[in-house]
Amino acid sequence: MAVDYTNYLRMEKMPLYWCPGCGDGIVLKAYIEAIDELGWDKNDCAMVSGIGCASRVTGYVDFHTLHTLHGRALPTAVGIKMSHPDKHVFVFGGDGDIAHIGGNHFLHACRRNIDITVVFIDNWNYGMTGGQHSCTTPLHVKESTSPRGSYEPPLDAAAAAIGAGATFVARGFAGDELRMKRYIKEGLAHRGFSIIDILCPCPINFGRRNKLGDPVKLMNYMKSLCIPKEKAEKMSPEELEGKHITGVIHKDEKKTELTDSYYGWLVKEAQKSDEYWAKYTTGRLKEEDKYSITKEELKGLYPYDVEIPLKKWKKL
Amino acid sequence: MGRIAFINANAAAAEAAIIAGCNFYAGYPITPSSEVPETLSKIMPERGVPFIMLEDEIASINACVGAAASGAKPMTCTSGPGLSLKQEAIGEACIMELPVVIVDVMRGGPSTGLPTRPSQADIMQAKWGTHGDHPIIAVSACNAQEVVFETIRAFNLAEKFRQPVYILTDGLLSHLHAKVYLPDPEEVEIIERAKPTVPPEEYYPFDYNYEVPPLAAWWPKGGPSYRFHMSSLNHDKTGFPTVVPSFIQHQEKRLINKIMNHIDEIEKFEYYKMDDAETCMIAYGSVAEAARVAVDEARKAGIKVGMFRPLTIWPLAEKQIRDLRGKVKNIIVVEMNLGQYILEVQRVVAEKIPVYGVLQAAGIPIRPAQIFEKIKNPEKSVEICMTEEELKKFGGGE
């Protein structure tokens, strides 16, 4: 059945602000299809993004959306997920936003295995600010701040995520919408931290500077760098040099999810205890532990001529 | 019915936050504020509300922003260097108009500075730390009992005005145990954020019809879900970014006015022996306790001196300070820094009467004897008041 995209989009915000030939729109389409297939109520979905081209997605999707600070989408999402563990929380962002300025948050969100799905749009540069090189820019690739080619080795975000303890890591390519949608859907359904690293063409800043031709030629060029996981297993490391392995790279269903660990273990442990705090906070305080204070006694503790927030006495 | 406890001001802030209904804490450990998360790590899991230590100061304030936007009452806690890191997101909470409470246990600085020693050097950082025009509310407290009352008030102000609120305490209070009365939540007045009165399709997070627009919870219990967008960019009433000058000007002005129009509600201060005073001390926080002793000593010696003690640091008690010009002959500002609040006092007094300062940033509390000396001799600068023997105990340094 055809997907009614208008149900998930804020149609009054159209047209999309992305450049012609950008892959972000394809990713958004695949993402909406994945949500639709899962049948999730959009009232239960929250999306957070930082700053950047990809981060503009929060303006277009009709969920609970927050467009936050550069690099800080993940900790903001952690705040939402921790307070509402039964809701679906997503982060959309680019390589500069999530892996570069937000790198520390990214590693620790992976480690905590909090149930947030990150769609990581990897276009190898800072598109919004004019194509400066980022942490995923391949070596010797030209950007506005690397006119002779980047001299820094790039970060493999998927490998970093696996190393940091993420439990679902996939890599897709914006030119391969069907597979990308499958990875996003699997990542959304996965209970735990999931990241879908999506290679995405940026014809204006990346393609133009590196003389890779029009968007179609750039798409074909990027496609030639993608090697499916099954095929890559049969290839030598030399052959895989500079290539990007696509597919579901890593999946671990044994590691406990963070909110499950908090509400399912810590909260239960804490409520079992008979400590003073427990007695007080869960309403099991005994009569002899309670203290009824007189105005004079309180005045002994607080002898100032200042208003206090007690209902009984405004001043002592 | 509450409890009597023997705790320090940090634990008092933590306990009071729970009384005020705080249901989200994210933080990062930093001396001298660590007793706040330590206390909350015991209480919050028992109440089934989230407590999380995050990877850095930036993450913790951002998590608070996320929690506040989704409907929680968050708090975070830090000290000088941590506050510097948090500043960007505090600006975000200002522009998104989110109620976040930030406990700042002030320590010596700049930089790593004096982690275990008190100061009051974050006064201006609290006001101007984050960039752009923005309002701010900061409250201070002079002892652990007041920390309890002021923490509750800070939460109420944050919720009422959709505004980040600072609680400024210092390293001295945080390590001083005191007898404290912790009231029951039923005993205190708790203000919750206004709920929207319109259905979700007519709701705007920054509605022009309100001075403080109601903030809808994303997932209210038993009610309809309000879906809306909020941006850290300058936005119009819908929460979407705008560059239309009139909308931006309106937003910026409303942010300031929602606080300044209610300044009488927000201001809180104490006059101590001011009826016939000729000299007025201005002191806040833990220093006010030393100033109070100095005032008493001076009164015994027959000097007519009183104290004006602001509990609300920001917005400034401008009217009250201006009124002092006609009442007293001179003003002495006492603070544990090299002159921050005094700048504002000087601005308001506008050279009508002399303003002197007992300003010390030595990592040690200001002693009543130092203040008494200043009362007797306002023109003379105040030296560190310690015996050779006491100084030796500190060791090191040349």
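**Exercise 1. Burial and overall form of chain B**

Task: State what share of the 398 residues of chain B counts as buried, and decide whether the radius of gyration of chain B agrees with that of a compact globule or departs from it.

Solution.
- Step 1. Begin with burial. In this predicted model, 56% of the 398 residues of chain B count as buried.
- Step 2. Set the expected value. A compact globule with 398 residues would have a radius of gyration near 21 Å.
- Step 3. Compare. Chain B has 22 Å, which agrees.
- Step 4. Add the extents. The C-alpha trace of chain B spans about 70 × 45 × 45 Å along its principal axes.
- Step 5. Look at the contacts. Take those in chain B between residues at least 6 apart in sequence: 75% of them join residues at least 24 apart.
- Step 6. Count the elements. Chain B holds 14 helices and 16 strands.
- Step 7. Check confidence. The average pLDDT of chain B is 94, and 100% of the residues score at least 70. For the model, ipTM is 0.95 and pTM is 0.96.

**Exercise 2. An enclosed strand**

Task: Work out how many residues of strand β5 (residues 101-108) of chain B are buried. Then find the residue of β5(B) that stands opposite Cys77(B).

Solution.
- Step 1. Apply the cut-off: a residue is buried if 20 or more other C-beta atoms lie within 10 Å of its own.
- Step 2. Eight of the eight residues of β5(B) are buried, so the strand is largely enclosed by the rest of the structure.
- Step 3. Find a partner. Strand β4 (residues 74-78) of chain B pairs with β5(B) in the parallel sense, over four bridges.
- Step 4. Pin the register. Opposite Cys77(B) stands Val103(B) in β5(B).

**Exercise 3. The contact between the chains**

Task: Say how many residues each chain brings to the contact, and which element gives the most to the side of chain B that touches chain A.

Solution.
- Step 1. Count both sides. Chain B brings 56 residues and chain A brings 53 residues.
- Step 2. Place the chain B side. Elements that each supply at least two residues include α2 (35-47), α3 (57-70), α4 (80-95) and α6 (144-161) of chain B, along with β10 (229-231) of chain B.
- Step 3. Pick the top contributor. α3(B) gives the most to this side, with 10 residues.
- Step 4. Sort by character. The chain B side divides into 30 nonpolar, 10 polar and 16 charged residues.

**Exercise 4. A sheet with strands from two chains**

Task: Trace the order of the nine strands in the open sheet. Identify the edge strands.

Solution.
- Step 1. Read the order: β9(A)-β10(A)-β7(A)-β8(A)-β4(A)-β3(A)-β1(A)-β2(A)-β10(B), with mixed pairing.
- Step 2. Find the edges. β9 (226-228) of chain A and β10 of chain B each pair on one side only.
- Step 3. Gauge the turn. Neighbouring strands of this sheet are turned by 20° against each other on average, direction ignored.
- Step 4. Add the packing helix. Helix α7 (residues 177-189) of chain A packs on the sheet and touches β4, β7 (168-173), β8 (194-199) and β10 (244-251) of chain A. The direction of α7(A) makes about 160° with that of β7(A).
- Step 5. Inspect the join between chains. Strand β2 (residues 64-67) of chain A runs parallel to β10(B), and three bridges join them. Here Thr65(A) stands opposite His229(B).
- Step 6. Inspect a pair within chain A. Strands β3 (residues 88-94) and β4 (residues 116-122) of chain A pair in the parallel sense over six bridges. Val89(A) stands opposite Ile116(A) in β4(A).

**Exercise 5. Unusual backbone geometry**

Task: Trp124(A) has a positive phi, and so does Glu351(B). Locate each residue and classify it as buried or exposed. Then locate the cis bonds at Pro15(A) and Pro315(B).

Solution.
- Step 1. Recall the background. Most residues other than glycine have a negative phi, and most peptide bonds are trans.
- Step 2. Take Trp124(A). Its phi is near 70°. Trp124(A) lies in the loop between β4 and β5 (125-126) of chain A. With 27 other C-beta atoms within 10 Å, Trp124(A) is buried.
- Step 3. Take Glu351(B). Its phi is near 60°. Glu351(B) sits in the loop between α12 (341-349) and β16 (355-359) of chain B. Having 9 C-beta neighbours inside 10 Å, Glu351(B) counts as exposed.
- Step 4. Take the cis bond in chain A. The bond from Met14(A) to Pro15(A) has omega near 0°. Pro15(A) is in the segment before α1 (24-38) of chain A.
- Step 5. Take the cis bond in chain B. Trp314(B) and Pro315(B) are joined with omega about -5°. Pro315(B) is in the loop between β14 (312-314) and α11 (318-327) of chain B.

Definitions and conventions. Residues are numbered from 1 along each chain as its sequence is written. Chains are lettered from A and ligands numbered from 1 in the order in which they are written. This is a predicted model: local features need pLDDT of at least 70, side-chain atom pairs count only at pLDDT 80 or more; totals for chains, interfaces and linings use all residues. Two residues are in contact if their C-beta atoms, placed from the backbone, lie within 7 Å. Ala, Val, Leu, Ile, Met, Phe, Trp, Tyr, Cys and Pro count as nonpolar, Asp, Glu, Lys and Arg as charged, and the others, Gly among them, as polar. Two strands pair if DSSP finds at least two bridges between them. pLDDT is the predictor's confidence in each residue, from 0 to 100. Axes are lines fitted to C-alpha atoms, for helices over the stretch in contact, and angles run from 0 to 180 degrees between N-to-C directions. The radius of gyration is taken over C-alpha atoms; the globule rule is 2.2 Å times the number of residues to the power 0.38. A residue is buried if 20 or more other C-beta atoms lie within 10 Å of its own, exposed if 12 or fewer, and partly exposed in between; C-beta atoms are placed from the backbone.
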